[in-house]
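Here's a walk through a two-chain model, starting where the chains meet and then looking at each one on its own. Keep the viewer open as you read.

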Amino acid sequence: MTISRREWLLAAACWAEVLRAQSDQLTWFDSATAAEIKAIACQIIPDDETPGADRAGVIWFIDRALAGYDQDKRELYKRGLAEMQAKRAELFPRSSSIAALTKDQQIQLLRATEKTDFFQAVRYHTILGFFGHPKYGGNRGEVGWKLIGVEYSMQYQPPFGYYDAQAAKESPK
Amino acid sequence: MSVTFRPSDTVDFVVVGVGAAGGVMAKELATAGFRVVALEHGPWRHEKDFTHDEIAVAERGQLVNDHSKQPNTFRKTPNEKAKLQPAIGYCQTVGGGSVHFTANYWRFHPEDFHERSTWGSAVPGADLRDWPITYDDLEPYYTKAEWDLGISGLAGSNPFDGPRSKPYPLPPMPVKSSGVLFDRAAKKLGLHPFPAPMAVLSQPYRGRAACVHCGFCEAFGCEMGAKSSSLMLMPAAVKTDRCEIRPSSYVRKIEVGKDGRVNGAIYFDQQKREIFQRAKAVVVCANGAETPRLLLLSKSNAFPHGLANSHGNVGKYLMFDNGGYAMGVFEHPLNDYKSVVVTRVLHDYYRADPKRGFWGGSGIDARFDWYPVAFAGRGMPTDIPQWGSEWKRTVGQYYTHTMGLLAHTSCLAVEQNSISLDDEVKDAWGLPAMRATFKNHPDDVRMLRFAAERQKEILTTAGAKKIWFDPGSLEEQTFSVHLMGTCRMGDDPATSVVNKWNRAHDVPNLFLVDGSSLVTSGRQQPTETIQALAYRTADYIQQAAKRGEI
């Protein structure tokens, strides 16, 4: 397959944008808050046998979102995180932060708070940062698309899947 | 350089809203020799402006109306106080909904135009009526739309379709795995699946390249012009040198002269300056929700209750897009994220059947219209955890192995379901916000649930390992993107807003062409009917103008 000049130019412009977005520089969070939000995101999409929120750089996506287009979520993050910290202190009185909890404790805390607007906002942001376009700072190495088996090409040719390939074999045109 | 007119130039037509219908009107009227200014609230985006960015386009609604600037209020019945809440969605860009739609391109069936007579009695609580036109009246214009825009499909493959004067100009799109599974299962059940008619080019057509199956149809604009939207008609419109497309122009009022005829439109330009464009006649194509709102905003001494509203019918009989959504996961990969959304459809449950015990009908298609964020965020079965390792693994397994069945079901016209002006809430231009009042007729919900059983049968027969529904899709709807019925077509001015030529009963030089004139909802997928009405109206206007009758 050949790449046209236009496609090449588009790709080059896009890569510059991606590289800018994927620098590891916080623009909204302080580093302590970033660590807490990252700990939550990493239980929503854990790095287990495949890359999760950490490898995808979801925290950078959320940082860019709150600095940019999703500024009206800042208050929810501030209030919601404070409430989640209160719940943490109640469940684990000797703990100092969400990030410092064990994995099982983190899961327990999130189960106790998963109905809150704050958790739902972090869940949505984590999904956006994991499966969205890399130019927003997340989905690094396109790990989100790899997880679900998306090739992410600009064009495809049939057969597309197992069943249409099978049907084409059974009744070739 | 294309033609531009001054607001003080009295052009022949102002077209309000350059969407599925308005794009056709602008191009057809200009081609017929009229001078046209077409005003569109949204920008004029071209192929190079369209992307595959799910966050910007699908999640953040880059192409659609912005409720933070143009809020809606919603209530189920007129006794309630309407609450601030998005209720009406539409594409706000030159080309309108045809730019970002799924591209299902269905003709209405002949019986769609006389369902009241076929049913034989009234449906209590609804106002089911026959249209003043028949399928045969519209057939030449269905054909014209299919050939002018470039539609892919297989004539004669749907045994429930009406007669057609010409086949589709292009063969159907290649079948996807969802289509194969659906086709096999439906045939096993004795049903009649057929290749989906799609407004997407399966082969090069009139200088446009064929679809490359990128998979970003629904909610997105096509970056290579293979989707047959009315945006693709703009070059021909502009080439006439008689048509100016004026984007970022938000019309707030149609003006009426002392003679009771309309004489132009007042709109806000991008800098919120008010401009009055003079015209000999006006065609409103703003969609089934914005058209009645604009008429209601256009109060004058001659029309104190809103333009063309002497009998109080403007805004009434709003119909929504009911659609029950079933999903099934299969053993092998379908990779249905590739190519067009739909490749197989069936219309076996389309006709209303008294044996069911209620009125309604449905067309069902096999589809996959889930982009990654949407699928992970909202598309998974609700009986599994929604975050964590197990959920992550399931999302990873399901995305390429899942297909959906969407039952597009009828919506009965109910008088109190309506678009009106909110008493308190204003939009960012200071105009009264759109208020939607809507509660599904009980038969609408019965039909959704009847169709859900059929969807389950088909998915089970197809071998789905797990089946689930979008639970909200089987309940009363509170949001719609197919906007129909609010300025009904009819012979009697006491019960309808436009006549059978889409001409306002009250105002001879005012035409309303979009979903608003639809008398019944069909089985959703109204775009082809809306565009056929536009071709027909343009043809009529041309004939009437020759006789000096506009």
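At what angle do the axes of helix α7 of chain A and helix α9 of chain B cross, and within what distance do they come?

## A helix pair across the chains

Before the answer, one caveat: this is a predicted model. The axes of α7(A), residues 117-131, and α9(B), residues 372-379, cross at roughly 150° and come within 9 Å. Over 145° counts as roughly antiparallel, and the two helices are therefore roughly antiparallel to each other. As for handedness, α7(A) passes α9(B) in a right-handed crossing.

Which residues do the touching? On the α7(A) side they are A:Y124, A:I127, A:L128 and A:F131, and they meet B:P372, B:V373, B:A376 and B:G377 in α9(B). Sort the residues of this contact by type and you get seven nonpolar, one polar and no charged.

## The wider interface

Zoom out to the whole contact between the chains and there are 32 residues from chain A and 33 residues from chain B. On the chain A side, the elements giving two or more residues are α2 (31-44), α7, α8 (143-148) and α9 (162-170) of chain A. The largest share of that side comes from α7(A), with five residues. By type, the side of chain A that touches chain B splits into 20 nonpolar, nine polar and three charged residues.

## Chain A: helices and no strands

Chain A has nine helices and zero strands, so to speak an α-α-α-α-α-α-α-α-α pattern when read along the sequence. Its radius of gyration is 20 Å, well over the 16 Å that the globule rule gives for 173 residues, so chain A is more spread out than a compact globule. Along its principal axes, the C-alpha trace of chain A spans about 70 × 40 × 25 Å.

## Chain B: overall build

Chain B is a mix, with 12 helices and 17 strands. The radius of gyration here is 22 Å, close to the 24 Å from the globule rule for 550 residues, so chain B is as compact as a globular protein of that length. The C-alpha trace of chain B spans about 70 × 55 × 50 Å along its principal axes.

## The six-stranded sheet

One open sheet in chain B has six strands in the order β5-β11-β12-β13-β10-β16, with antiparallel pairing. Its edge strands, each pairing on one side only, are β5 (194-195) and β16 (466-469) of chain B. Inside the sheet, β10 (residues 322-329) and β13 (residues 402-409) of chain B run antiparallel and are joined by eight bridges. For a spot to click on, B:M327 stands opposite B:G404 in β13(B).

Helix α6 (residues 177-188) of chain B packs on this sheet, touching β11, β12 and β13 of chain B, with its direction at about 20° to that of β11(B). Helix α11 (residues 442-462) of chain B packs on the sheet as well, touching β10, β12, β13 and β16 of chain B; the direction of α11 makes about 20° with that of β10(B).

## The four-stranded sheet

Another open sheet in chain B has four strands, ordered β4-β3-β15-β14, with mixed pairing. The edges are β4 (83-84) and β14 (418-426) of chain B. Strand β3 (residues 72-75) of chain B pairs with β4(B) in the antiparallel sense over two bridges, and B:T73 stands opposite B:L84 in β4(B). Helix α8 (residues 290-297) of chain B packs on this sheet, touching β14 and β15 of chain B, and its direction makes about 60° with that of β14(B).

Notes
Residues numbered from 1 in each chain as written. Chains lettered and ligands numbered in written order. Predicted model: local features only at pLDDT ≥ 70, side-chain atom pairs only at ≥ 80, totals over all residues. Axes fitted to C-alpha atoms, helices over the stretch in contact; angles between N-to-C directions. Parallel < 35°, antiparallel > 145°, perpendicular 65-115°, else oblique. Left-handed = near helix turned anticlockwise from the far one by under 90°. Contact = placed C-beta atoms within 7 Å. Nonpolar A, V, L, I, M, F, W, Y, C, P; charged D, E, K, R; others polar. Pairing = 2+ DSSP bridges. Rg over C-alpha atoms; globule rule 2.2 N^0.38 Å.
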